[in-house]
Amino acid sequence: MKNVHLTVTGMHCGGCIKSVTSVLKELDGVEQVDVALEGYADIQFDESKVSVTRLIEVIEEAGFDATE
Ligand SMILES: [Cu+2]
């Protein structure tokens, strides 16, 4: 299990947090997600199932920007 802290920009309300949280949780291999309006996402994931690149990708697909 691995942890990553991503900087996420573009979140403005609880709905945004919900969106980011749910797209991440839908991924196979994601164990725990903590998304905050301050602009970050802490994610615990199984690196044999999902990559950081993929985590960033789904956040961007949801309409936000993410960087490691
Ligand atoms: Cu919002």
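Start with the sheet of this predicted model: select the strands, and you will find 4 of them forming an open sheet in the order β2-β3-β1-β4, with antiparallel pairing. At its edges lie β2, residues 30-36, and β4, residues 65-67, each of which pairs on one side only. If you turn the view to look along the strands, note that neighbouring strands of this sheet are turned by 25 degrees against each other on average, direction ignored.

Next, select residues 2-9 and residues 40-45 together, which are strands β1 and β3; they run antiparallel and are joined by 6 bridges. To see the register of this pairing, pick N3, whose bridge partner in β3 is Q44, and then move along to H5, whose bridge partner in β3 is D42. On the other side, add β4 to the selection: β1 and β4 also pair in the antiparallel sense, here over 3 bridges, and T9 stands opposite D65 in β4.

Now bring in the helices. Select residues 14-25 to show helix α1, which lies across β2 and β3 and runs at about 165 degrees to β2. Then select residues 52-61 for helix α2; α2 lies across β1, β2, β3 and β4, running at about 30 degrees to β1.

Stay with helix α1 for a moment and pick T21, which is found in this helix. Is T21 buried or exposed? T21 has a relative accessible area of 17% and is therefore buried, since the cut-off for that word is under 20%. Leaving aside its neighbours within four places in sequence, T21 is in contact with V33 and V35, so showing those two side chains beside T21 lets you follow the contacts by eye.

The next stop is the copper ion. Which residues coordinate it? Select C13 and C16 and display their side chains: the SG atoms of both coordinate the copper ion, at 2.1 Å. The two cysteines are not alike in accessibility, for C13 counts as partly exposed at 38% relative accessibility, whereas C16 counts as buried at 13%.

Finally, turn to the charged side chains of helix α2. A search of the whole structure finds 2 salt bridges, and you can display both by selecting R54, E57 and E61. In one of them, E57 pairs with R54, and the closest N and O atoms are 2.5 Å apart. These residues are 3 apart in helix α2, which means that about one helical turn separates E57 from R54. In the other, E61 forms a salt bridge with R54, with the closest N and O atoms 3.8 Å apart. Through these shared partners, R54, E57 and E61 are joined into one network. As background to this stop, side chains of opposite charge can pair when their charged atoms come close.

With a surface display switched on, compare how these three residues are placed. R54 counts as partly exposed at 31% relative accessibility, and E57 is likewise partly exposed, with a relative accessible area of 35%. E61, by contrast, is exposed, with a relative accessible area of 59%.

Terms used
Residues are numbered from 1 along each chain as its sequence is written. This is a predicted model: local features need pLDDT of at least 70, side-chain atom pairs count only at pLDDT 80 or more; totals for chains, interfaces and linings use all residues. Side-chain values use heavy atoms; hydrogens and water are left out. Donors are N, O and S atoms within 2.8 Å of the metal (3.2 Å for Na, K and Ca); water is not among the atoms, so sites may look incomplete. Buried means under 20% relative accessible area, exposed over 50%, partly exposed in between (1.4 Å probe, protein chains only). A salt bridge is a side-chain nitrogen of Lys or Arg within 4 Å of a carboxyl oxygen of Asp or Glu. Helices (H or I, at least four residues) and strands (E, at least two) are DSSP runs, numbered from the N terminus. Two strands pair if DSSP finds at least two bridges between them. Axes are lines fitted to C-alpha atoms, for helices over the stretch in contact, and angles run from 0 to 180 degrees between N-to-C directions. Contact means heavy atoms within 4.5 Å.
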